[in-house]
Amino acid sequence: MSTALRGIPHVRSLGAAGALQQLVLKALSGMTVGALELRLPNGETHRFGRTDEAPSAIVTVERVDLFRRIALRPRLGLGESYVAGDWHADDLVALFEVLLRNTAAVRARPPLSTLLALERRLPRLPARQGRRQAERNIHYHYDIGNELYALFLDESLTYSCAYFERPDETLAQAQQNKYRRICDKLALSAEDHLLEIGCGWGGFAIHAARERGARVTGLTISREQLELAQKRVSDAGLAHRVQIVYRDYRAVEGQFTKIASIEMLEAIGHEQYGTFFAACDRLLAPGGIACIQTIAIPDQRYESYRRTRDWIQEYIFPGSLLPSLTALTNAMTRHSSLLVFGLEDIGIHYADTLRGWRERFLANIEQVRALGYDESFERSWEFYLAYCEAAFATRSLRDLQLVLTRSFNDRLPRYPAWRMSF
Ligand SMILES: C[S@@+](CC[C@H](N)C(=O)[O-])C[C@H]1O[C@@H](n2cnc3c(N)ncnc32)[C@H](O)[C@@H]1O
């Protein structure tokens, strides 16, 4: 088990902090929505946007390395400098909301626009992921200690977007709502053998077996998840119905009446979408239904996003890529006989989910430290959780539930127990 993240590069050798600071200030002067106050180490304060408009945030710069890092690596520098302790904000989520709502305007300002265009041209290594690489990537994020995840997830250890049916619900209730809705979408019953691709710590497998009586085979490629998920299944008295196995989805054989996959697709990358849907097609019995939940990037941004690498991919989820709905449906059409039968965007619930995780992470920070995680880990995870919360709150990112099936499926419910909502 490792409690360390990959290190961030040094930037002191890059001089010209004054000119680079001007570059960033000029870009920020393009802001049109919300308010940002920037307090510099020399005592100067700069204000951007509309001072009386939410969202608003105050950033205090401790070291001008912030500007060096942004100029050197425009897509990574803000996160790298936060982790290095170059700056802090009074409200990190509000700051990201301001930045996200102004991204287009700020990035369009030269010379930042030129730096971003240059960065886009840098060659990227091919994103093809063999099984070994997939295991290495998952190991980096998930095999860092189950105790850490238990300190911020709800008691079902669910690591995906919940569904809040009422504002006063707890995160644990909202995770069970999400599970119930997926079971409804799958029309899951005791007749079914469900394959869960990417079962995490077994929360959904346990729910599906306990609440619907289904047989479940759950897949993970994290050793730590495997061990704990198997124990949780056995503690729940469900070992006769649920089998958790360490296996890549590409290596599975047999047929299943239902398939579920909850936020696993983000791990596989563009080149593998066809392989994924071909595998679902091969593994799903005639008359079967699949329900896939995935984070997604808006279609219009997908092509430029997938040609670059962002801070989350570099430090939090190596090898990951957020799909777009178009990329997924194109791959599905080309490589399988599956069709989209239902579609729901539950992304707005991710803001509340992530807020719950971040609040618990920070409330338990002493225990996180006691487990051996250092300050840069702590700052990275705070940045990651806050950034994602803002991205979902502003609908800059989506979270999709796709219900898939094939033509001529007479077993599909005429009056489904679920309704789409946006
Ligand atoms: C974000 S977690 C989601 C876990 C769970 N579905 C949940 O909602 O709590 C992603 C899961 O996908 C699994 N995974 C990623 N790539 C995989 C692959 N190639 N084959 C099988 N499982 C994979 C990981 O091991 C992990 O369990």
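In which sense, and over how many bridges, do strand E9 and strand E11 pair? In this predicted model, strand E9 (residues 284-296) and strand E11 (residues 398-405) are joined in the antiparallel sense over 7 bridges, with Ala-296 standing opposite Arg-398 of E11. Both strands belong to an open sheet of 7 strands, ordered E7-E6-E5-E8-E9-E11-E10, in which the pairing is mixed. Strand E7 (242-246) and strand E10 (339-345) occupy the edges, and each has a single partner strand, so one side of each is left without a neighbour in the sheet. On average, and with direction ignored, neighbouring strands of the sheet are turned by 15° against each other. Helix H10 (residues 203-212) packs on this sheet, where it touches strand E5 (193-197), strand E6 (215-220), E7 and strand E8 (256-262), and the direction of H10 makes about 170° with that of E5.

Turning to the nonpolar cores, the largest comprises 110 residues, and Tyr-159, Phe-276 and Trp-381 are those with the most contacts inside it. The greatest contribution to this core, 10 residues, comes from helix H18 (residues 375-393). When neighbours within four places in sequence are left aside, the residues in contact with Tyr-159 include the aromatic residues Tyr-142, Phe-152, Trp-201, Phe-317 and Trp-381, together with His-141 and Glu-263. A second, separate core of 26 residues has Leu-188, Ala-209, Val-233 and Val-403 among its members.

Helix H2 (residues 65-72) is mostly covered, since 7 of its 8 residues are buried; the buried residues of H2 are Asp-65, Leu-66, Phe-67, Arg-68, Arg-69, Ile-70 and Ala-71.

Conventions: Residues numbered from 1 in each chain as written. Predicted model: local features only at pLDDT ≥ 70, side-chain atom pairs only at ≥ 80, totals over all residues. Heavy atoms only, no water. Core = buried A, V, L, I, M, F, W, Y, C linked by side-chain atoms within 4.5 Å. Buried < 20%, exposed > 50% of the residue type's maximum accessible area, 1.4 Å probe, protein only. Helix = DSSP H or I, 4+ residues; strand = E, 2+ residues; numbered from the N terminus. Contact = heavy atoms within 4.5 Å. Pairing = 2+ DSSP bridges. Axes fitted to C-alpha atoms, helices over the stretch in contact; angles between N-to-C directions.
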